Amino acid sequence: MKNRFKTFISNDIGIDLGTANTLVHVAGAGVVVSEPSVVAVNQKTGQVVAVGAAAKDMLGRTPGHIVAVRPLVDGVISDFEVTEEMLAYLTRKSEEGRKKWLGPRVVVGVPSGITNVERRAVRDAARSAGAREVYIVEEPMAAAIGIGLPIHEPAGNMVVDIGGGTTDVAVISLGGIVHSRNIRIAGDKLNSDIMSYLRNEFKILIGEKTAEDIKINIGNLTPGDAPLEMPVRGRDLITGLPREVVVTDADVREAIGLSIDTLIDSIKEVIEITPPEVVSDIMYRGIYLVGGGALLRGFRELLEEALKIPIHIADDPLTAVVRGTGIILTDIESFEDALIKNEDDLPYTN
Ligand code: ADP
Ligand code: MG
């Protein structure tokens with residue numbers, strides 16, 4: 001009864017503020033928003049013209065004074081005002097038809113490398129968007145909760161969240177993060193690797209969207225029996241005219257190989273600084289992959305081979321973080337250790 005009364009007077013909103021995608025979970029309704037993290041701003045008036053998918057469609061084809069801005073670049077907040085607009089838009093959108101007496105309680109997932117000042121900005125932004133209470137959680141922690149790992153137990157759990165701008169690696173035990181690392185190699189870097197490779201090897205220019213399509217359609221880190229290939233149209237570097245080439249999974253492997261190796265090395269480094277008892281838990285339980293990059297074909301097998309630890313791809317890896325924020329809201333007290341405390345946020349210096 002008590003809970004029903006609570007949901008009657010106020011919403012609970014969980015937000016995954018990702019570098020590539022922003023998702024919102026509303027208690028009782030599930031994931032209600034899943035949009036690219038892009039905001040289109042009119043530079044003449046300073047006004048936000050579009051948010052999410054609508055803004056992403058404008059990328060690269062807007063008149064000069066309308067610019068598409070990503071609130072988070074490389075896992076850090078690149079533009080505070082735009083972040084605030086994005087949060088305000090999401091809060092409004094998730095309250096549609098569900099407007100309650102009190103402002104919502106909001107849990108926001110942020111990249112693990114975020115600074116105090118940035119955290120404070122997220123908190124302030126959510127407040128000015130109408131939130132009554134704001135809680136901040138690091139994304140790998142939210143993901144661990146979202147996929148149902150036993151984070152409260154005195155046993156090590158390891159989560160690798162491969163997003164757009166960053167990969168978060170975290171070791172969690174007893175409800176808190178033991179170690180975490182934020183690596184700037186993730187989906188976007190792989191896309192730009194593919195763009196450079198096609199420019200160098202095929203002498204054609206392709207856009208970011210095409211590079212991402214190539215990665216998703218034919219990317220495969222452990223070569224299968226049947227090679228994958230895809231015709232790709234780009235602009236010839238010399239003639240400036242359109243030209244079509246056929247790209248294979250072997251091309252993609254070559255293009256992204258170096259970044260993947262660096263990523264694997266960074267994950268190894270986190271394991272190396274983790275206490276032996278915790279490592280032995282992880283060896284037994286395995287490492288959980290979340291985020292869109294977890295879907296890269298063959299990555300699981302490659303990681304398993306390189307680390308000699310079982311690797312699991314979480315179900316629905318793109319929504320793990322936001323589902324976690326939703327679960328946290330069902331019982332804030334019991335997740336207290338998992339949240340970043342208010343007093344951890346430094347005040348602005350001026
Ligand atoms: P973030 O949390 O940073 O917003 P996401 O977890 O939403 O990022 O993941 C977005 C990234 O996942 C993008 O770089 C996208 O290209 C990549 N991605 C999505 N689906 C796939 C797939 N099937 N194979 C490889 N990469 C994918
Ligand atoms: Mg993410």
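# A tour of the largest pocket and ligand 1

Start with helix 7 (208–218): helix 7 contributes six residues to the lining of the largest pocket, the most of any element. The model in the viewer is predicted.

**The pocket.** Display the largest pocket next; the space inside comes to about 1200 Å³. Its lining is made of 48 residues, and those closest to the centre are Ala20, Asn21, Lys56, Asp188 and Glu212. Select these five to mark the middle of the pocket.

Then colour the elements that each give two or more residues to the lining. The strands are strand 1 (10–17), strand 2 (21–26) and strand 11 (157–162). The helices are helix 2 (53–58), helix 6 (187–201), helix 7 (208–218), helix 8 (249–272) and helix 11 (320–330).

Now colour the lining by residue class: 20 residues are nonpolar, 14 are polar and 14 are charged.

**The ligand.** Where is ligand 1 to be found? Ligand 1 sits in the largest pocket. Helix 6 and helix 7 are the elements that give two or more residues to the shell around ligand 1. Helix 7 gives the most here as well, with three residues.

Select the shell itself: 17 residues surround ligand 1, and the closest are Thr19, Ala20, Asn21, Glu212 and Lys215. Of these names, Ala20, Asn21 and Glu212 also belong to the group closest to the pocket centre. By class, the shell holds five nonpolar, nine polar and three charged residues.

**Contacts to the backbone.** Show backbone atoms and zoom in on the oxygen atoms of ligand 1. Three distances can be checked:

- Ala20: a backbone N or O atom is 2.7 Å from an oxygen atom of ligand 1.
- Asn21: a backbone N or O atom is likewise 2.7 Å from an oxygen atom of ligand 1.
- Gly164: a polar backbone atom is 2.9 Å from an oxygen atom of ligand 1.

Finally, switch to a surface view of ligand 1. How much of the area that ligand 1 exposes when taken alone does the protein bury? Taken alone, ligand 1 exposes 580 Å², and the protein buries 89% of that.

Methods
Residues are numbered from 1 along each chain as its sequence is written. Chains are lettered from A and ligands numbered from 1 in the order in which they are written. This is a predicted model: local features need pLDDT of at least 70, side-chain atom pairs count only at pLDDT 80 or more; totals for chains, interfaces and linings use all residues. Side-chain values use heavy atoms; hydrogens and water are left out. On a 1 Å grid over the protein atoms alone, a cavity is a set of points where a 1.4 Å probe fits but cannot get out, and a pocket is an open set with protein on both sides within 12 Å along at least five of seven lines; lining residues have an atom within 4 Å of a point. Grid points are joined across faces, edges and corners, and a volume is the space filled by probe spheres set on the points. Helices (H or I, at least four residues) and strands (E, at least two) are DSSP runs, numbered from the N terminus. Ala, Val, Leu, Ile, Met, Phe, Trp, Tyr, Cys and Pro count as nonpolar, Asp, Glu, Lys and Arg as charged, and the others, Gly among them, as polar. A residue is near a molecule or strand if one of its heavy atoms lies within 4 Å of it. A polar contact is a pair of N or O atoms within 3.5 Å; within protein, one must be able to donate a hydrogen and the other to accept it, and residues adjacent in sequence count only if both atoms are side-chain atoms. Accessible areas come from the Shrake-Rupley method with a 1.4 Å probe; for residues, only the protein chains shown count as cover. A molecule sits in a cavity or pocket if more than half of its atoms lie within 2 Å of its grid points.
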